[in-house]
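I set out to record here what I looked up in one structure, entry by entry. The sequence and coordinates come before my notes.

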Amino acid sequence: DRVRFEDAGIDDVQHLRGLERAEPREPVLDPADRVRRRVEDWVALDAERIELVVRTSLVQGIAHTPTLALIDRATRMDRVDEQMAEPVMRLLPRFYSALSWDPRGFSWYEGLDAGHWALARQATESARRVVAALACAGVRIHAGTDVGNPFLVPVTGSWRRTSRGPRSPPPARRWSTTGAPAGAASAASSRSGSALQLSGSA
């Protein structure tokens with residue numbers, strides 16, 4: 001929290017960390033309070049901040065690994081039964097649903113009330129707008145998600161991103177098995193449109 005995204009000097013931003021706040025500040029130690037503050041910051045994200053994030057990414061050559069699937073799943077951890085009912089969950093052994101994905105193991109979400117869960121889902125929409133803006137501008141986007149987190153089934157996160165997209169512009173999104181390192185994605189754009197191409201698996 002003490003270092004702004006634009007001052008961090010890193011070449012690949014994971015999970016859209018730090019994009020949502022314009023000023024450095026002291027970190028919050030309590031996990032639930034930290035989640036609440038980040039959610040509130042994302043909901044308050046405005047067009048000016050998004051423009052700065054895009055411009056900084058282009059000027060500094062920063063790539064992004066947004067992990068939208070992870071963010072989406074995490075912001076619906078209060079809806080365990082709904083998520084477990086999805087057919088894709090049957091692709092993994094019961095070990096995951098019975099043990100690994102037990103929300104009680106994620107203490108930083110236990111302190112959230114219904115209002116903050118609603119804000120969390122609004123924050124996800126803000127994250128999608130940021131990724132769409134980055135893709136439109138030609139910023140490099142990596143496809144990948146932290147497997148092992150609740151309700152994440154390997155590869156399906158990337159499939160959902162390419163089939164639904166991050167609410168990004170309509171030009172082509174397609175799978176490719178050649179021409180780029182596995183797990184990489186590149187975004188190319190022009191004044192008339194953009195394309196997001198994913199390669200390999202994630």
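Which residues have the most contacts inside the largest nonpolar core? I noted beforehand that the model is predicted. I found 32 residues in this core, and those with the most contacts inside it are Leu16, Leu19, Trp42, Tyr109, Val130 and Leu134.

Entry on contributing elements. I listed the elements that give two or more residues to this core: α1 (31-43), α2, α3 (68-74) and α6. I recorded that α6 gives the most, with 7 residues.

Entry on Tyr109. Leaving aside residues up to four places away in sequence, I found that Tyr109 touches Val35, Ala74, Met77 and Trp117.

Entry on the dimensions of α2. I looked up helix α2, which spans residues 47-60 and has 14 residues. From its first C-alpha to its last, α2 reaches 20 Å, close to the 20 Å expected at 1.5 Å a residue.

Entry on the two faces of α2. I found Arg49, Ile50, Val53, Val54, Thr56 and Ser57 to be buried in this helix. These buried residues lie on the same side of α2, because they cover an arc of only 165 degrees around the axis. On the face turned away from the buried side, I listed the exposed residues Ala47, Glu48, Glu51 and Val59.

Entry on the packing of α2. I then asked which elements the buried residues of α2 pack against. They pack against β2 (63-65) and α6 (114-137).

Entry on what follows α2. I recorded Gly61 after this helix, and the phi of Gly61 is positive, near 65 degrees.

How values were computed: Residues are numbered from 1 along each chain as its sequence is written. This is a predicted model: local features need pLDDT of at least 70, side-chain atom pairs count only at pLDDT 80 or more; totals for chains, interfaces and linings use all residues. Side-chain values use heavy atoms; hydrogens and water are left out. Helices (H or I, at least four residues) and strands (E, at least two) are DSSP runs, numbered from the N terminus. The expected span of a helix is 1.5 Å times one less than its number of residues. Buried means under 20% relative accessible area, exposed over 50%, partly exposed in between (1.4 Å probe, protein chains only). The arc is that of the directions from the helix axis to the C-beta atoms. Contact means heavy atoms within 4.5 Å. A nonpolar core is a set of buried Ala, Val, Leu, Ile, Met, Phe, Trp, Tyr and Cys residues joined through side-chain atoms within 4.5 Å.
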